[in-house]
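Q: I'd like a close look at one part of this protein, walked through slowly. Here's what I have on screen.

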Amino acid sequence: MSQNYGTKRIVTGASYGLRDWLAQRITAVLMALFTIVLLVQVIFGGPLGYDKWAGIFSQQWMKTLTFVVIIAMLYHVWVGMRDLFMDYIKPVGIRLTLQVFSIVWLVGCAGWAIQVLWRL
């Protein structure tokens, strides 16, 4: 005779697991390294004014690094929000609406950030 303790577990969501965990860690490390690079330039670059700030971001390597970090940050936010919605928002319609709104918002933020970055 077999014993069945508790209720059967119902798994919801996409269960991306290791891939998302690794993506969160890699993007977090990339953002931390970017912050360190930026802080080093600000701290050791002399007095900080608009010209110095614009000069930091006018260099092509810094624009490219910033672009990569913006993309990493957007993916980092998306993974976190998607997981949060899958874990805590059970009605599928509300969850889908929130996910679509998040995607639209993140794409808009990406467009705005890139426009600001390449306008310098």
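Taking helix α4 (residues 92-119), what span should its 28 residues have, and how far apart are its end C-alpha atoms? From there, which residues of α4 are buried, and what do they pack against?

A: Sure, and keep in mind that this is a predicted model. Start with the length. If you allow 1.5 Å a residue, the 28 residues of α4 should span 40 Å, and the end C-alpha atoms do sit 40 Å apart, so expectation and model agree.

Now for the buried side of things. The buried residues of α4 are R95, Q99, S102, L106, A110 and L117. A bit of helix geometry helps when you read that list: an α-helix has 3.6 residues a turn, so residues three or four places apart point the same way. As for partners, the buried residues of α4 pack against α2 (50-58) and α3 (60-88).

Pick S102 as an example. S102 belongs to helix α4, and its relative accessibility is 9%, so it counts as buried, the cut-off being under 20%. Skip its neighbours within four places in sequence, and S102 is in contact with W78 and F85.

Then there's L117, another of the buried residues of α4, which also turns up at the largest pocket. Of the 15 residues lining that pocket, F57, T66, I70, A113 and L117 lie nearest its centre. The space in there is about 310 Å³. Helices α2, α3 and α4 each supply at least two residues of the lining, though α3 gives the most, with six. Chemically, the lining splits into 14 nonpolar residues, one polar and no charged.

Next door in sequence to L117 is W118, and here the aromatics come in. The model has three aromatic pairs. One of them joins F67 and W118, edge-to-face, with 6.0 Å centre to centre and 85° between the planes. F67 lies in helix α3 and W118 in helix α4, so this pair ties together parts that are 51 residues apart in sequence. Neither ring's residue falls in the buried class: F67 is partly exposed, with a relative accessible area of 31%, and W118 is partly exposed too, at 39% relative accessibility.

So if you trace α4 on your screen, look for S102 and its contacts with W78 and F85, then A113 and L117 by the pocket's centre, and finally W118 with its edge-to-face partner F67.

Notes: Residues are numbered from 1 along each chain as its sequence is written. This is a predicted model: local features need pLDDT of at least 70, side-chain atom pairs count only at pLDDT 80 or more; totals for chains, interfaces and linings use all residues. Side-chain values use heavy atoms; hydrogens and water are left out. Helices (H or I, at least four residues) and strands (E, at least two) are DSSP runs, numbered from the N terminus. The expected span of a helix is 1.5 Å times one less than its number of residues. Buried means under 20% relative accessible area, exposed over 50%, partly exposed in between (1.4 Å probe, protein chains only). Contact means heavy atoms within 4.5 Å. On a 1 Å grid over the protein atoms alone, a cavity is a set of points where a 1.4 Å probe fits but cannot get out, and a pocket is an open set with protein on both sides within 12 Å along at least five of seven lines; lining residues have an atom within 4 Å of a point. Grid points are joined across faces, edges and corners, and a volume is the space filled by probe spheres set on the points. Ala, Val, Leu, Ile, Met, Phe, Trp, Tyr, Cys and Pro count as nonpolar, Asp, Glu, Lys and Arg as charged, and the others, Gly among them, as polar. Rings of Phe, Tyr and Trp (its six-membered ring) pair if their centres lie within 6.5 Å; planes under 30 degrees apart count as stacked, over 60 as edge-to-face and the rest as tilted.
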